[in-house]
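Please keep the viewer open and ready for selections by chain and residue number. The tour moves from a whole chain to single residues, and it can be followed one selection at a time.

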Amino acid sequence: MTQRIKATCAALAVACVPGLMPGIAVGDPDDDSLTINGEIAIVTEAAAPAHTENLDTIYSGWRFRTDETQAVQMDDFDNPGMIGVENAMVDWATADGAAGKSCADCHGAAENMAGVRAVYPKWNEEQGRVTTLEMEVNNCRENRMDAKKWKYTGGDMTDMIALISSVSRGMPVNVAIDGPAQSTWEQGKELYYTRTGQLELSCANCHEDSYGMMIRADHLSQGHINGFPTYRLKNTKLNSVHARFKGCVRDTRAHTYKPGSDEFIALELYVASRGNGLSVEGPSVRN
Amino acid sequence: MASGAKPRVKVPKTAAAGDTITIKTLISHKMESGQRKDDDGNIIPRSIINRFTADFNGQNVIDVTLEPAISTNPYFQFDAVVPESGEFTFTWYDDDGSVYDTAKKITVS
């Protein structure tokens with residue numbers, strides 16, 4: 001019965017006061033720990049950063065999944081997201097565009113990108129704005145390789161982001177929110193707490209107020225993006241952060257922002273910063 | 001050849017004689033069922049992996065017939081007993097006649 005009341009609260013987005021709702025939510029994070037390939041230790045639980053005001057502890061979405069789904073991510077052979085990583089390795093080494101250059105010609109081995117995923121989105125001094133990893137990939141493609149831009153949430157792009165993420169796995173997410181990035185971060189925060197759509201839900205209503213509860217048949221996580229790109233069992237492909245944002249905003253029955261828009265860039269910076277301290281996990285496996 | 005078919009296998013490098021080892025295999029393949037239609041309403045022809053085999057030192061370990069309902073990137077995991085050092089060979093047969101194979105050595109002590 002308790003569950004039912006909670007579910008109703010979540011659906012109506014009524015402010016549920018935790019004190020009035022005794023009992024353990026069935027969707028709470030479990031106590032499992034994550035090591036990938038038996039060698040990459042992943043931090044899935046950490047003290048919330050000071051700027052994540054309304055949470056005490058941050059948990060990776062991995063902790064909210066069933067044991068079976070969790071197991072798929074623990075071995076690269078089992079993780080279908082790694083197929084995307086392998087595809088991207090081919091792209092990484094293949095020259096494209098009029099300049100006749102590949103990623104590898106400038107960057108060397110993909111492993112040299114270790115640590116990059118952890119600090120993006122990041123202030124780009126040259127462009128005078130916060131840029132995401134996808135924007136930097138396209139920046140390289142357009143300006144250095146003289147190649148066609150990739151679609152922001154397209155397969156090639158998401159595979160490439162998965163490759164760049166995979167070499168940073170185990171490193172703590174640590175995006176900068178101060179200095180020139182601060183105004184973008186604040187815009188993202190504003191968006192995070194703004195209710196949208198006919199259902200009038202903000203990101204916080206589900207991922208801050210109600211994590212650990214069920215949203216229909218699924219467990220609500222805290223919505224961190226340390227595991228992106230994420231291989232979802234539901235659509236059997238790698239999903240990018242902005243595609244997921246779009247899905248969430250759509251689910252509130254609102255017109256969504258576009259992937260790659262200023263709004264989503266700001267939101268990505270803010271949401272990434274909420275997970276500062278968790279390990280980079282991408283490509284992760286989720287429902 | 002179907003584009004992007006790439007076999008992957010995982011076999012332990014070493015084992016003790018008589019051990020049961022777990023083998024994992026996956027081939028990236030679109031596994032087009034032949035039941036779908038394109039935008040113009042024409043049936044997209046079937047293109048699947050229809051057979052998968054694994055052999056150890058020439059002896060057959062597993063021989064699988066695959067049917068159209070099997071989804072993209074077919075994955076097999078199975079156990080095998082290894083009596084001696086040798087080589088596993090894995091073979092996938094495509095509808096279009098292509099054959100993909102790969103091999104893995106194992107040392108038994």
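What follows is a walk through a predicted model, with each stop naming what to select and what is to be found there.

**Chain A as a whole**

Begin by selecting chain A and showing it as a cartoon, in which 11 helices and 11 strands make up its secondary structure. Its radius of gyration is 19 Å, close to the 19 Å that the globule rule gives for 287 residues, so chain A is as compact as a globular protein of that length. If you draw a box along the principal axes, the C-alpha atoms of chain A fill roughly 65 × 40 × 30 Å.

Next, colour chain A by accessibility: of its 287 residues, 51% are buried. When contacts in chain A with a separation of 6 or more are considered, 67% of them are between residues 24 or more positions apart. Switching to a surface view, you will see about 13,500 Å² exposed by chain A, with 52% of that area supplied by carbon and sulfur atoms. Should you then colour the charged groups, chain A has 27 positive and 38 negative charges, and the mean positions of these two sets are 8 Å apart.

**The annotated spans**

Now select residues 89-173 and 187-280 of chain A, which an unreviewed UniProt entry annotates as "domain: Cytochrome c". Residues 89-173 are 45% helix and 7% strand, and the C-alpha atoms at the ends of this span lie 23 Å apart. For residues 187-280 the figures are 37% helix and 11% strand, with the end C-alpha atoms 24 Å apart.

Turn briefly to chain B and select residues 10-102, to which an unreviewed UniProt entry gives the annotation "domain: Sulphur oxidation protein SoxZ". Over these residues chain B is 51% strand and 0% helix, and the end C-alpha atoms are separated by 11 Å.

**Helix 10 and A:Arg244**

Return to chain A and select A:Arg244, where an unreviewed UniProt entry places the feature "binding site". This residue lies in helix 10, which runs over residues 241-251 of chain A. Is A:Arg244 buried, partly exposed or exposed? Its relative accessible area is 22%, so A:Arg244 counts as partly exposed, given that buried means under 20%. Leaving aside residues within four places in sequence, its contacts are with A:Phe228, A:Arg232 and A:Asp251.

Keep helix 10 of chain A on screen and add its buried residues, which are A:Val241, A:His242, A:Phe245, A:Gly247 and A:Val249. Which elements do these buried residues pack against? Show strand 10 and helix 11 of chain A, since these are the elements against which they pack. Just after helix 10, select A:Arg253, which takes a positive phi of about 65 degrees.

**Backbone stops in the loops**

Most residues other than glycine have a negative phi, and most peptide bonds are trans. With that in mind, select A:Asn37, whose phi is positive at about 60 degrees although it is not a glycine. A:Asn37 sits in the loop between strand 1 (34-36) and strand 2 (40-42) of chain A, and at 30% relative accessibility it counts as partly exposed.

A:Thr236, also not a glycine, has a positive phi of about 45 degrees. Look for A:Thr236 in the loop between strand 9 (230-232) and strand 10 (237-239) of chain A, where its relative accessibility of 54% makes it exposed.

For the cis peptide bonds, select A:Tyr120 with A:Pro121, which are joined by one with omega about 0 degrees. A:Pro121 belongs to the loop between helix 5 (116-119) and strand 5 (122-124) of chain A. Then select A:Gly282 and A:Pro283, which a cis peptide bond also joins, with omega about 0 degrees; A:Pro283 is in the loop between helix 11 (262-274) and strand 11 (284-286) of chain A.

**Last stop: A:Arg63**

Finally, select A:Arg63, in the loop between strand 4 (57-59) and helix 2 (67-73) of chain A. With a relative accessible area of 5%, A:Arg63 is buried. Not counting residues up to four places away in sequence, A:Arg63 touches A:Pro29, A:Asp30, A:Asp31, A:Asp32, A:Thr44, A:Glu45 and A:Gln70. As a closing distance to display, the C-alpha atoms of A:Arg63 and A:Ser33 are separated by 8.1 Å, although the two are 30 residues apart along the chain.

How values were computed: Residues numbered from 1 in each chain as written. Chains lettered and ligands numbered in written order. Predicted model: local features only at pLDDT ≥ 70, side-chain atom pairs only at ≥ 80, totals over all residues. Heavy atoms only, no water. Helix = DSSP H or I, 4+ residues; strand = E, 2+ residues; numbered from the N terminus. Rg over C-alpha atoms; globule rule 2.2 N^0.38 Å. Buried < 20%, exposed > 50% of the residue type's maximum accessible area, 1.4 Å probe, protein only. Contact = heavy atoms within 4.5 Å. Areas by Shrake-Rupley, 256 points an atom, 1.4 Å probe, with all protein chains shown as cover. Lys, Arg positive; Asp, Glu negative; His and termini not counted. Charge placed at Lys NZ, Arg CZ, Asp CG, Glu CD. UniProt positions renumbered as here; feature names shortened; annotations may be inferred.
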